[in-house]
Amino acid sequence: MQTSEYLFLLLFIGIGGLSFAAALFNFEWFFSTRQANTFINWLGRTGARLFYAVLGLGLIGCGIAGLLTYK
């Protein structure tokens, strides 16, 4: 695996971790963005937090699966 592929998978894990942490700790700076407000309007604050938690876990899972698959 090339360095760029490792970097891409680590980026997935990092962004997923940020998304999950923002959902878990209810970061105001994260949920005050225009993109997050779209999901807040659709799903409510709790629904948006759940969405971002699942999204974060999915990204982390994809990153880890990618790292384990290409060893």
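**Exercise 1. Where is the place of Asn26, and what is unusual about its phi?**

Before you start: this is a predicted model, in which local features need pLDDT of at least 70 and side-chain atom pairs pLDDT 80 or more, while totals for chains, interfaces and linings use all residues. Numbering runs from 1 along each chain as its sequence is written, and side-chain values use heavy atoms, leaving out hydrogens and water.

Step 1. Asn26 lies in the loop between α1 and α2. Helices here are DSSP runs (H or I, at least four residues; strands are E, at least two), numbered from the N terminus.

Step 2. Now the backbone. Most residues other than glycine have a negative phi. Asn26 is not a glycine, yet its phi is near 55°, a positive value.

Step 3. Asn26 has a relative accessible area of 30%, so it counts as partly exposed. The cut-offs: buried is under 20%, exposed is over 50%, partly exposed is in between (1.4 Å probe, protein chains only).

**Exercise 2. Describe the overall fold.**

Step 1. Count the elements: there are three helices and zero strands.

Step 2. Put them in order, and the sequence reads α-α-α.

Step 3. Lay a ruler on the C-alpha trace: along its principal axes the protein spans about 40 × 20 × 15 Å.

Step 4. Check burial over the whole protein. Of its 71 residues, 25% are buried.

**Exercise 3. Follow the aromatic rings, beginning at Trp29.**

Step 1. Get the total: a search of the whole structure turns up 11 aromatic pairs. Rings of Phe, Tyr and Trp (its six-membered ring) pair if their centres lie within 6.5 Å; planes under 30 degrees apart are stacked, over 60 edge-to-face, the rest tilted.

Step 2. One of these pairs is Trp29 with Phe30, an edge-to-face arrangement at 6.0 Å centre to centre, with 85° between the planes.

Step 3. Why does Trp29 count as exposed and Phe30 as buried? Trp29 is exposed because its relative accessible area is 52%. Phe30 is buried because its value is 15%.

Step 4. Go on from Phe30 to Tyr52. That pair is edge-to-face too, at 5.1 Å centre to centre and 85° between the planes. The pair ties together distant parts of the chain, with Phe30 in helix α2 (residues 28-31) and Tyr52 in helix α3 (residues 34-69), 22 residues apart. Both partners are buried.

Step 5. Zoom out. Ring pairs join Phe25, Phe27, Trp29, Phe30, Phe31, Phe39, Trp42, Phe51 and Tyr52 into a cluster.

**Exercise 4. Find the largest nonpolar core and say which helices build it.**

Step 1. List the members: the largest nonpolar core has nine residues, among them Phe30, Phe31, Ile40 and Tyr52. Alanines belong to this core as well, including Ala22, Ala23 and Ala48. A core is a set of buried Ala, Val, Leu, Ile, Met, Phe, Trp, Tyr and Cys residues joined through side-chain atoms within 4.5 Å.

Step 2. Assign them to helices. α1, α2 and α3 each bring at least two residues to this core.

Step 3. Pick the main contributor: α3 supplies the largest share, five residues.

**Exercise 5. Locate Gly58 and relate it to Ile13.**

Step 1. Gly58 belongs to helix α3.

Step 2. With a relative accessible area of 34%, Gly58 is partly exposed.

Step 3. Gly58 and Ile13 are 45 residues apart along the chain, and 9.2 Å separates their C-alpha atoms.
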